[in-house]
Number of protein chains: 2
Amino acid sequence: MLFAPTFYILIQMIWRQVISVGDTVVDATCGNGHDTAILAKLALGENNEGVVHGFDLQSSAIEKTSSLLDKELSTNQRKRVYLHHTCHSKLGQVIKEKNFVSVVAFNLGYLPGGEKGITTASNTTVEALMCATSLVKHGGIITLVSYIGHPGGRDEYEAVRDFATRLASDKWICSHWELLNRPLCPRLLVLLKK
Amino acid sequence: MLFAPTFYILIQMIWRQVISVGDTVVDATCGNGHDTAILAKLALGENNEGVVHGFDLQSSAIEKTSSLLDKELSTNQRKRVYLHHTCHSKLGQVIKEKNFVSVVAFNLGYLPGGEKGITTASNTTVEALMCATSLVKHGGIITLVSYIGHPGGRDEYEAVRDFATRLASDKWICSHWELLNRPLCPRLLVLLKK
């Protein structure tokens with residue numbers, strides 16, 4: 001249901017509208033790997049169609065994602081998920097082709113169940129976003145779930161919101177979704193490249 | 001497409017999720033009648049199922065809506081649309097049954113093609129919203145499209161946003177949707193009664 005108090009139904013509905021089997025998609029923040037698995041199922045066919053790139057700075061996140069994918073994907077699909085143990089600000093060093101990716105997904109904040117002191121940070125997130133804007137194809141999207149409850153969270157949210165607000169309106173449609181009567185609820189940004 | 005630069009695709013998608021044939025729905029701002037016609041097609045069956053109430057303060061809006069409905073609906077459907085030439089703040093005087101309506105739709109601002117000096121106003125809109133919260137059934141929604149470009153528009157937007165922000169989060173889920181890089185674009189509020 002569109003208004004469920006979780007963002008995940010809404011965001012998955014959006015991904016489904018945009019991703020076709022055979023697409024290249026990026027999970028910029030693997031975390032526990034749930035989003036990576038969902039994105040992979042949408043983009044990867046059984047006949048070597050589609051590629052997924054996943055990024056995380058924390059080795060525990062890469063390990064958790066890898067073992068989740070081993071369970072959730074077929075052997076053939078699993079081969080086409082490339083996990084990169086590096087900061088998402090390095091997106092552009094790993095993926096060279098411009099205007100090619102259907103979705104770049106960001107789930108900001110800290111690793112659920114991990115060390116809360118280790119979070120994504122405004123400067124590297126904005127750097128990664130900058131890369132993502134050139135990687136995404138026309139008709140493709142960048143999705144960001146931004147949490148504001150943890151230290152630095154509100155600054156990071158303001159930085160990504162500011163970034164989206166400045167994108168040229170003839171090239172990008174930048175939607176922002178929030179729950180008004182739950183002020184600490186995460187906010188969803190969807191940046192569509194025209 | 002979910003991110004089309006018009007709200008109308010998004011809002012119609014939301015109405016479709018919530019309205020079933022046989023429901024009672026309300027268009028609180030008939031205007032030219034386009035929304036009334038769409039709502040009527042979703043709620044009204046051919047066998048006397050469903051009721052639509054439409055409100056507008058301007059007689060020209062009621063006339064335009066009436067002739068559009070004559071064209072768009074079957075004779076049997078048309079009989080079950082009740083148009084009220086009165087301010088939407090009188091909603092509660094016309095519809096008595098509480099927790100019964102699936103959708104109350106507001107499209108704020110002035111009548112397209114009409115007199116731009118005649119607009120909805122913060123105080124009566126908030127009064128109408130208050131009525132709407134008691135009419136809407138559990139699982140039903142209030143949708144508001146709020147324009148901020150005309151005189152008084154921003155005040156009215158702030159008033160409805162403030163109203164939604166104050167609704168108890170255990171009873172209501174109040175979503176807000178906007179385009180960040182088009183600051184004068186209308187904003188969409190969807191208030192779901194749990």
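**Two chains, one turn: a Q&A**

User: Let's start with one residue: is A:N48 buried or exposed?
Analyst: Bear in mind that this is a predicted model. The relative accessible area of A:N48 is 56%. The cut-off for exposed is over 50%, so A:N48 counts as exposed.

User: Where in chain A does A:N48 sit?
Analyst: Look for two elements of chain A, helix α2 at 34-43 and strand β2 at 51-55. A:N48 belongs to neither, as its place is the loop between α2 and β2.

User: And what is the phi of A:N48 near?
Analyst: Most residues other than glycine have a negative phi. A:N48 isn't a glycine, yet its phi is positive. The value is near 60°.

User: Over in chain B, what is the phi of B:N99, roughly?
Analyst: B:N99 is in the loop between α5 (91-94) and β4 (101-107) of chain B. With a relative accessible area of 38%, B:N99 is partly exposed. It isn't a glycine, but its phi is positive, at about 50°.

User: By what turn can chain A be laid on chain B?
Analyst: Two copies of a chain are related by a rotation about an axis and a shift along it. Here the shift along the axis is 0.0 Å, and the RMSD is 0.0 Å too, with a turn of 180°. That's the relation of a two-fold axis. So the turn you're after is 180°.

User: Which residue of chain A comes closest to the rotation axis?
Analyst: Go by the C-alpha atoms here. The closest one in chain A lies at 2.3 Å from the axis, and it belongs to A:W177.

User: What percentage of the interface residues of chain A are also interface residues in chain B?
Analyst: The copies meet through the same surface, and the overlap of their interface residues is why we can say so. For chain A, that share is 100%.

User: How many helices and strands does chain A have?
Analyst: Walk along from the N terminus and you get α-β-α-β-α-α-β-α-β-α-β-α-β-β. The tally for chain A is 7 helices and 7 strands.

User: What is the radius of gyration of chain A?
Analyst: Chain A has 194 residues, and the globule rule gives 16 Å for that length. Chain A comes close to that, so it's as compact as a globular protein of that length. Its own radius of gyration is 16 Å.

User: How much of chain A counts as buried?
Analyst: Chain A exposes about 8100 Å², with carbon and sulfur atoms supplying 53% of that area. Counting residues instead, the buried share of its 194 is 56%.

User: How many residues of helix α2 of chain B are buried?
Analyst: This helix covers residues 34-43, which makes 10 residues, and it is mostly covered. Among the buried ones are B:D35, B:L39 and B:A43. The buried count is 7.

User: How far apart in space are B:E127 and B:R16?
Analyst: B:E127 sits in helix α6 (residues 122-135) of chain B, and at 41% relative accessibility it's partly exposed. B:E127 and B:R16 are 111 residues apart in sequence. From C-alpha to C-alpha, the separation in space is 26 Å.

User: What separates the C-alpha atoms of B:S67 and B:N32?
Analyst: B:S67 is in helix α3 (residues 59-72) of chain B. Its relative accessibility is 35%, so B:S67 counts as partly exposed. Along the chain, B:S67 and B:N32 are 35 residues apart, and their C-alpha atoms are separated by 9.6 Å.

Conventions: Residues are numbered from 1 along each chain as its sequence is written. Chains are lettered from A and ligands numbered from 1 in the order in which they are written. This is a predicted model: local features need pLDDT of at least 70, side-chain atom pairs count only at pLDDT 80 or more; totals for chains, interfaces and linings use all residues. Side-chain values use heavy atoms; hydrogens and water are left out. Copies are superposed by least squares on the C-alpha atoms of residues with pLDDT of at least 70 in both. Contact means heavy atoms within 4.5 Å. Helices (H or I, at least four residues) and strands (E, at least two) are DSSP runs, numbered from the N terminus. The radius of gyration is taken over C-alpha atoms; the globule rule is 2.2 Å times the number of residues to the power 0.38. Buried means under 20% relative accessible area, exposed over 50%, partly exposed in between (1.4 Å probe, protein chains only). Accessible areas come from the Shrake-Rupley method with a 1.4 Å probe; for residues, only the protein chains shown count as cover.
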